[in-house]
Amino acid sequence: MSVGIRDVARAAGVSTATVSRALGRGPVSDAVREQVEAAVRATGYRPNLSARRLRSKAAQTIGLIVADIRNPFFTAVSRAVEDAAYAAGLRVILCNTDEDPAREALYLRLMEEERVTGVIFAPTKTTADALTADSLAFPTVFIDRSGLPGAHDSVVLDNVAAAAALVDHLAAQGFSRIGGLFGSTSSTARERQAGYEAAMARHGLAPLIRSVAPNAAAAEAESARWLGQPDRPEALILSNGLILMGAVRAARTLGLGVPRDLALAGFDNEPWTDLVEPGLTVIEQPVAEIGAQAMRLLFERIESPDQPVRKVVLSGRTVLRGSTRRVA
């Protein structure tokens, strides 16, 4: 019977994650590393990668696990991460999860098998809430998502302030029935919803909230149902670029003029948002900086595994266009 990593962990009296860190030259003490290496010799365990690669200080590969590569935000962030990795002489393994926790678990196992140097990860809220500081065998930085406090480094937008800024703008334009359509799977959407609710309360307005799978097709269907009702909102805030796209399609199908019949505001300043007449008001995220900061945190975590966990919060920029102009 072949010997597996669980047999080594049992012999060493440590977790499988600790065994992986020790064999991959990850953040463990010298005493624990010696303990694991002794268990490897005693059990005859043969790792699934070459001995030369395991002896090297790093695998020279990082993993990038994104929620939806069709989302232009993640496409842009991936480019920034790859640019930084290329400059550092690292390869990138890119995985797309479609916001599916099962696929996230699969790709995290893949990263462990590949003995990656580290991972940049945009997890669902389900997965993020389950990952403690000791859950993964490699340094990890969350991107665009928050996890358990003190568990992992992260780079995020100030989502609460960004959503509140959109509400403030719409209220200043005279809109009162301001709806919010938010993604159902991420901490990012929850934070944006919290910012929306706080700003609505500050303006004395009743929140109108629905949630949806964070893709254009689901958003189009839900927007069509909502906007087809007699008491539909007079303005909508959409929590990501794909949801915004779905709402635009629904309004067009229903024959609603923007902003004559419906004001729209959302996130991500993609080129198409300026091409749709009369231009869409959005929060522009600093995508290049998000990717670069994530790589910086990852490099620093690899070099200094015991340093305190850090969270970098970046500001967005409100880009005002015709979709939120009040029409008399």
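Here a colleague and a modeller talk through the domains, sheets and helix contacts of a predicted model.

Colleague: I'm new to this one. Which domains is the protein divided into?

Modeller: Keep in mind that we're looking at a predicted model. The division gives domain 1 (5-47), domain 2 (53-157 + 287-315) and domain 3 (159-285). Notice that domain 2 is written as two stretches, 53-157 and 287-315. For a sense of scale, the centres of domain 1 and domain 3 are 50 Å apart, taken over C-alpha atoms.

Colleague: Let's turn to sheets. How do I read one?

Modeller: Strands of a sheet pair through backbone hydrogen bonds, either parallel or antiparallel. Here, one open sheet has 6 strands in the order 2-1-3-4-5-11, and its pairing is parallel.

Colleague: Which strands stand at the edges, and why is one side of each left without a neighbour?

Modeller: They're strand 2 (91-96) and strand 11 (311-314); each has a single partner strand, so one side stays without a neighbour in the sheet. As for twist, neighbouring strands in this sheet are turned by 15 degrees against each other on average, direction ignored.

Colleague: Can you zoom in on one pair of strands?

Modeller: Sure. Take strand 4 (residues 140-143) and strand 5 (residues 153-157): they run parallel and are joined by 3 bridges. Within that pair, look for F142, which stands opposite S154 in strand 5.

Colleague: What lies across strand 1, strand 2 and strand 3?

Modeller: That's helix 6 (residues 101-113), which lies across strand 1 (61-66), strand 2 and strand 3 (118-121). Against strand 2, helix 6 runs at about 160 degrees.

Colleague: And what is the strand order in the sheet with mixed pairing?

Modeller: That open sheet, also of 6 strands, reads 7-6-8-9-10-12. Its edges are strand 7 (208-212) and strand 12, each pairing on one side only. From one strand to the next, the twist averages 20 degrees.

Colleague: Where do I find the parallel and antiparallel pairs in there?

Modeller: Walk along the order. Strand 8 (residues 235-238) runs parallel to strand 9, with 3 bridges between them, and I237 has A265 in strand 9 as its bridge partner. Next, strand 9 (residues 263-267) and strand 10 (residues 281-284) pair in the parallel sense, again over 3 bridges; there F267 stands opposite I283 in strand 10. Then the direction flips: strand 10 and strand 12 (residues 317-319) run antiparallel, joined by 3 bridges. In that pair, V282 is partnered by V319 of strand 12.

Colleague: Which helices lie across this sheet?

Modeller: Helix 8 is one of them: it lies across strand 6 (178-183), strand 8, strand 9, strand 10 and strand 12, at about 165 degrees to strand 9. Another is helix 10 (residues 216-227), lying across strand 6, strand 7 and strand 8 and running at about 150 degrees to strand 7.

Colleague: Now helices against helices. At what angle do helix 8 and helix 9 pack?

Modeller: For a helix pair, read the angle, the axis distance and then the residues. Helix 8 (residues 159-172) and helix 9 (residues 187-202) pack at about 40 degrees, with axes 7 Å apart. The two are therefore oblique to each other, and their crossing is right-handed. On the helix 8 side, the contact includes A163, A164 and V167, while helix 9 brings residues including Y196, A199 and M200. By class, this contact has 7 nonpolar, 3 polar and 4 charged residues.

Colleague: What about helix 5 and helix 13: how far apart are their axes?

Modeller: The axes of helix 5 (residues 72-87) and helix 13 (residues 287-303) are 8 Å apart, and the packing angle is about 45 degrees. That crossing is right-handed. Among the contact residues are F73, V77 and V81 of helix 5, and I290, M295 and F299 of helix 13. The class count here is 13 nonpolar, 1 polar and no charged residues.

Colleague: One last pair: how do helix 2 and helix 3 cross?

Modeller: Helix 2 (residues 16-23) and helix 3 (residues 30-43) cross at roughly 95 degrees, their axes coming within 9 Å. They are therefore roughly perpendicular to each other. Helix 2 contributes T18, V19, R21, A22 and L23, and helix 3 contributes V32, R33, V36 and V40. Sorted by class, that's 6 nonpolar, 1 polar and 2 charged residues.

Methods: Residues are numbered from 1 along each chain as its sequence is written. This is a predicted model: local features need pLDDT of at least 70, side-chain atom pairs count only at pLDDT 80 or more; totals for chains, interfaces and linings use all residues. Side-chain values use heavy atoms; hydrogens and water are left out. Domain bounds come from an automatic or database domain assignment. Two strands pair if DSSP finds at least two bridges between them. Helices (H or I, at least four residues) and strands (E, at least two) are DSSP runs, numbered from the N terminus. Axes are lines fitted to C-alpha atoms, for helices over the stretch in contact, and angles run from 0 to 180 degrees between N-to-C directions. Contact means heavy atoms within 4.5 Å. Angles under 35 degrees count as roughly parallel, over 145 as roughly antiparallel, 65 to 115 as roughly perpendicular and the rest as oblique. A crossing is left-handed if the near helix is turned anticlockwise from the far one by less than a right angle, and right-handed if clockwise. Ala, Val, Leu, Ile, Met, Phe, Trp, Tyr, Cys and Pro count as nonpolar, Asp, Glu, Lys and Arg as charged, and the others, Gly among them, as polar.
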